[in-house]
Amino acid sequence: MRRAIAASEQVRGTTSPNPPVGCVILDADGRVVGTGATQPPGGPHAEVVALRAAGARAAGGTAVVTLEPCVHTGRTGPCADALRQAGVARVVHAVADPTARAAGGAAALRAAGIEVRDGLLAEEVSRGPLRAWLHFARTGRPHVTWKYAATLDGRSAAADGTSQWISSADSRAEVHRVRERMDAILVGTGTVAADDPHLTARDAGGELTRRRPLRVVVGDRDIAADARVLDSAAETIRVPGGPPSSVLDALADRGAVDVLLEGGPRLAGAFLEAGCIDRILAYIAPSLLGSGPAALGDAGVASLSQAWRLRIEETTMSGVDLRISAVPTW
């Protein structure tokens, strides 16, 4: 299953609005004979890719897949049928498909006499490459990760407005890898005016990566005609200011499932107050400023009892910075 998770991670950011699924085929003796992951929309699903690699060796074997095989026909046929036709004797999947259209694969496979086991490493898969898609499937709203960098005392910039660079080179390189796997990167007009960001994903050599997420600028304020976010490096759209839910509706209409919020404290506060932040990725630098803008603006909190409570998922080092992944407890 972890091999299947790794395969799905390799295609994360290329499959939306479809889920990035990974699949491993074992032969009757338990040897790996095929590995696959979901291809871009219109291409084969993970099970079909893995079955093609396995060929006749799949007969009597086991399919290990991160998501319950689908039973619907869209641009491709049902994966449950493909597994049955290949003669697979056993299917192990981590997470049940939450969509009404595609769910039911496990039942169909059992009805065909195939042994089915579910729930293997379900939490690991749900927190991994499938996190955003599962959220989107269950809520109809893109999954939002708020990423920010701040000093140990919570400042996102100095008193004079300078903010480059608070985080380390290692953290900045990691953020580019995070960006590459997103469907969209979201900022407000204030961030564009203050920082003039590219909002692109670049490799270690500074070159643009092949995967170029949609750049989204929220707000009604004019931005400079020569702003970097308007260059030809990637597509950019403007979304009028309004409730965060309306912004996310516009992105959902574009097929965006996984969104990275990199806006300033005001936009982050608005999204948090609206309950539209699903994960927080914080890079905390070992430095102190004492004054300057805070990382988070007004989020509707007037007293300690109203504080937004978080559950820490992971803490690790990113160069000299502390990286924290947390999710709201609501």
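**One helix, one strand residue and one ring pair**

In this predicted model, helix 1 spans residues 2-11, and its buried residues are Ala4, Ile5, Ala7, Ser8 and Val11. Seen down the axis of helix 1, these buried residues fall within an arc of 160°, so they line one face of the helix. The general geometry helps here: an α-helix has 3.6 residues a turn, so residues three or four places apart point the same way.

The face of helix 1 turned away from the buried side carries exposed residues, namely Arg2, Arg3 and Gln10. The buried residues of helix 1, by contrast, are covered by elements that include strand 1 (22-26), strand 2 (32-37), strand 3 and helix 5 (122-127). After helix 1 comes Gly13, which has a positive phi, near 95°.

Strand 3, one of the elements that cover helix 1, comprises residues 62-67 and contains Thr62. Thr62 has a relative accessibility of 12%; because buried means under 20%, Thr62 counts as buried. Apart from neighbours within four places in sequence, Thr62 is in contact with Val24, Ile25, Leu26, Val88, Arg90 and Val92.

The last feature concerns aromatic side chains. A pair of aromatic rings is described by the distance of the centres and the angle of the planes. The count for this structure comes to one aromatic pair. The rings of Trp146 and Tyr148 have their centres 4.4 Å apart and their planes at 25°; since planes under 30 degrees apart count as stacked, this pair is stacked. Trp146 and Tyr148 are both buried.

How values were computed. Residues numbered from 1 in each chain as written. Predicted model: local features only at pLDDT ≥ 70, side-chain atom pairs only at ≥ 80, totals over all residues. Heavy atoms only, no water. Helix = DSSP H or I, 4+ residues; strand = E, 2+ residues; numbered from the N terminus. Buried < 20%, exposed > 50% of the residue type's maximum accessible area, 1.4 Å probe, protein only. Contact = heavy atoms within 4.5 Å. Arc of directions from axis to C-beta. Phe/Tyr/Trp six-rings, centres within 6.5 Å; stacked < 30°, edge-to-face > 60°.
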